[in-house]
Amino acid sequence: TWFRLKSLPALDNAMVVYSKYNSTNNKRSFMLAVFTSATNTHVRVWLGYNSGLSYENIIHAYALSVDNWYHVTATYENAGKTCSLRLKDQYGSPLGTDETPTATLDGNKLYVSDAPVFIGAVNPTPVYYMNGLIDELPVFNDILTAAEATQIAMGGYGIKYSGYVGDMKLGYGGIGTRGLS
């Protein structure tokens with residue numbers, strides 16, 4: 001998924017890229033967002049567990065800034081609770097170090113709720129709106145390798161990936177706006 005920030009979230013706040021997450025009604029599944037902590041603004045993934053009552057964070061340490069395109073790939077494999085969070089620049093070059101932890105969660109692993117999927121906000125009221133652009137939100141039913149994440153950031157995906165389900169092209173002014181100001 002590509003995104004470009006027009007501003008940074010306030011301290012201890014987020015701007016959501018996409019989510020299937022409703023903390024008000026304890027329906028936490030997952031959320032990918034940009035979050036500002038005391039040290040910097042970074043990409044963070046929330047993974048819900050314990051029947052949606054609890055969550056765990058995966059944080060990419062790279063400090064984000066405004067007016068730059070970033071490509072983020074997040075994966076989670078439920079059987080082994082393995083995760084990855086990879087960040088690339090507009091040319092597909094890695095930014096910082098890929099995060100590849102094993103989540104702790106609980107015995108039931110990732111909680112899949114009936115919360116709707118939101119792009120650019122989180123349910124239930126829509127809050128934590130993205131102030132920026134989001135483009136190309138592909139969905140795969142396969143765990144992507146680091147090499148595949150790089151190839152996707154470079155624009156190379158589609159029918160050659162057996163796990164490719166489809167994508168939603170979003171952005172200011174229409175489809176395929178990455179690279180435009």
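## A tour of the salt bridges and nonpolar cores

Begin by selecting aspartate 67 and arginine 4, whose side chains meet in a salt bridge with an N to O distance of 3.9 Å. Aspartate 67 sits in the loop between strand E5 (54-59) and E6, while arginine 4 belongs to strand E1, so this pair ties together parts that lie 63 residues apart in sequence. The model in the viewer is a predicted one. Colouring by relative accessibility separates the two partners: aspartate 67 is partly exposed at 47%, whereas arginine 4 is buried at 15%. Arginine 4 falls in the buried class because the cut-off for that class is under 20% relative accessible area.

Next, select aspartate 114 and lysine 27. Their side chains form a salt bridge at 2.8 Å, N to O. This pair also links distant parts of the chain, with aspartate 114 in the loop between E7 and strand E8 (118-119) and lysine 27 in strand E3, 87 residues apart. Aspartate 114 is exposed, its relative accessible area being 60%; lysine 27 is partly exposed at 26%.

Move then to arginine 86 and aspartate 98, a salt bridge in which the closest N and O atoms are 2.7 Å apart. Arginine 86 lies in strand E7 and aspartate 98 in the loop between E7 and E8, so the pair ties together parts 12 residues apart in sequence. Here arginine 86 is buried, with a relative accessible area of 10%, and aspartate 98 is partly exposed at 22%. The count of salt bridges in the model comes to 3.

Now hide the charged pairs and turn to the nonpolar interior. Select Phe3, Leu32, Val43, Leu47, Leu64 and Met130: these have the most contacts inside the largest nonpolar core, which has 26 residues. At least two residues of this core come from each of strands E1 (2-5), E2 (14-22), E3 (27-36), E4 (41-49), E6 (69-77) and E7 (82-88). Strand E4 gives the most, with 4 residues.

Which residues is leucine 47 in contact with, leaving aside its neighbours within four places in sequence? Centre the view on leucine 47 and display Ser29, Ser54, Tyr55, Glu56, Ile58, Tyr76, Cys83, Ala103, Leu105 and Leu110, with which leucine 47 is in contact.

Finally, select Ala14, Val16, Met31 and Phe35. These are among the members of a second, separate core of 8 residues.

Notes: Residues are numbered from 1 along each chain as its sequence is written. This is a predicted model: local features need pLDDT of at least 70, side-chain atom pairs count only at pLDDT 80 or more; totals for chains, interfaces and linings use all residues. Side-chain values use heavy atoms; hydrogens and water are left out. A nonpolar core is a set of buried Ala, Val, Leu, Ile, Met, Phe, Trp, Tyr and Cys residues joined through side-chain atoms within 4.5 Å. Buried means under 20% relative accessible area, exposed over 50%, partly exposed in between (1.4 Å probe, protein chains only). Contact means heavy atoms within 4.5 Å. A salt bridge is a side-chain nitrogen of Lys or Arg within 4 Å of a carboxyl oxygen of Asp or Glu.
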